[in-house]
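Here is a short, friendly briefing to read alongside the structure. Have the viewer open and follow the topics below in turn.

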Amino acid sequence: MDDREVRRVVYEMAMRGGSPPLARDVARVLTAAEDDVVDSFRRLAEAHIFVLQKDAPEILMAAPYSAVPTPFVVHAGGVTSYANCIWDALGIAAMLHGNAHVHTSCADCGTAYEIRVANEKVVGEGLAHFSIPARQWWNDIVFT
Amino acid sequence: MLFFRSEEHIDHWCTTWRMPRGAVLTLETCWRLAQAWFGAPRSAPEWRRRTVEETRAVFAELGLVGEFWELP
């Protein structure tokens, strides 16, 4: 199983459908055994390409995409996605090279905010806060 | 990496949750970081993770310097 092919299919499906796919869906596309795809997911997770769910060999994060709902909803190219954080939300727009609307909220007070990407420029107010120093990001990437 | 409406809200959140105040980026800088990080499609066969040196260069290009942005 070529891990590059698995990565390619995962990202193509995420970009097209808005969410990282399940192993069985990748297996179907590659005409491969699901167990082989799961093994590939694990190798790609060890390489910090994906983050897997804690209790299941499925993708939790294929940055910038989240497989589960988050406070960062991105509408871009007719597709709605959840991003892992504000950086990733803008990352979805960057990856798709198109306009995007990011719906999120202030992590402190919950006030709703919309950020737009239009013609390669970001439009909106607010700030991004990185709590964890860069050298520690992968200590707990989900918390980061 | 969370979104906040203002510096005061960052301060309040850090106090409430007893978290250290880290690095604050404007949306413009965060967007430029996102472009640098995700602009190349990860579906491309030739895509690979950046090396530590390449990552340092991305950070430096965006003015993200100092102890917070140092890598192992």
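**A buried threonine and two chain-to-chain contacts**

T29(B) has a relative accessible area of 16%, under the 20% cut-off, so this residue counts as buried. Please keep in mind that the model is predicted.

**Around T29(B)**
- T29(B) belongs to helix α2 of chain B.
- Apart from neighbours within four places in sequence, T29(B) is in contact with L62(B) and L64(B).

**Helix against helix**
- Helix α4 of chain A (residues 86–96) and helix α2 of chain B (residues 27–38) have axes that come within 8 Å and cross at roughly 55 degrees.
- α4(A) and α2(B) are therefore oblique to each other, and their crossing is right-handed.
- On the α4(A) side, the residues that meet α2(B) include I86(A), W87(A), L90(A) and M95(A); among their partners in α2(B) are L27(B), W31(B), W37(B) and F38(B).
- Sorted by class, this contact of α4(A) with α2(B) has 13 nonpolar, two polar and one charged residues.

**A sheet built from both chains**
- Three strands form an open sheet in the order β1(B)-β9(A)-β2(B), with antiparallel pairing.
- β1 (2–4) and β2 (23–26) of chain B are the edge strands, each pairing on one side only.
- On average, neighbouring strands of the sheet are turned by 35 degrees against each other, direction ignored.
- Strand β9 of chain A (residues 127–130) is joined to β2(B) by four bridges, and the two run antiparallel; F130(A) stands opposite A23(B) in β2(B).
- Helix α1 of chain B (residues 7–17) packs on this sheet, where α1 touches β9 of chain A as well as β1 and β2 of chain B. The direction of α1 makes about 30 degrees with that of β9(A).

Methods: Residues numbered from 1 in each chain as written. Chains lettered and ligands numbered in written order. Predicted model: local features only at pLDDT ≥ 70, side-chain atom pairs only at ≥ 80, totals over all residues. Heavy atoms only, no water. Axes fitted to C-alpha atoms, helices over the stretch in contact; angles between N-to-C directions. Parallel < 35°, antiparallel > 145°, perpendicular 65-115°, else oblique. Left-handed = near helix turned anticlockwise from the far one by under 90°. Contact = heavy atoms within 4.5 Å. Nonpolar A, V, L, I, M, F, W, Y, C, P; charged D, E, K, R; others polar. Buried < 20%, exposed > 50% of the residue type's maximum accessible area, 1.4 Å probe, protein only. Pairing = 2+ DSSP bridges.
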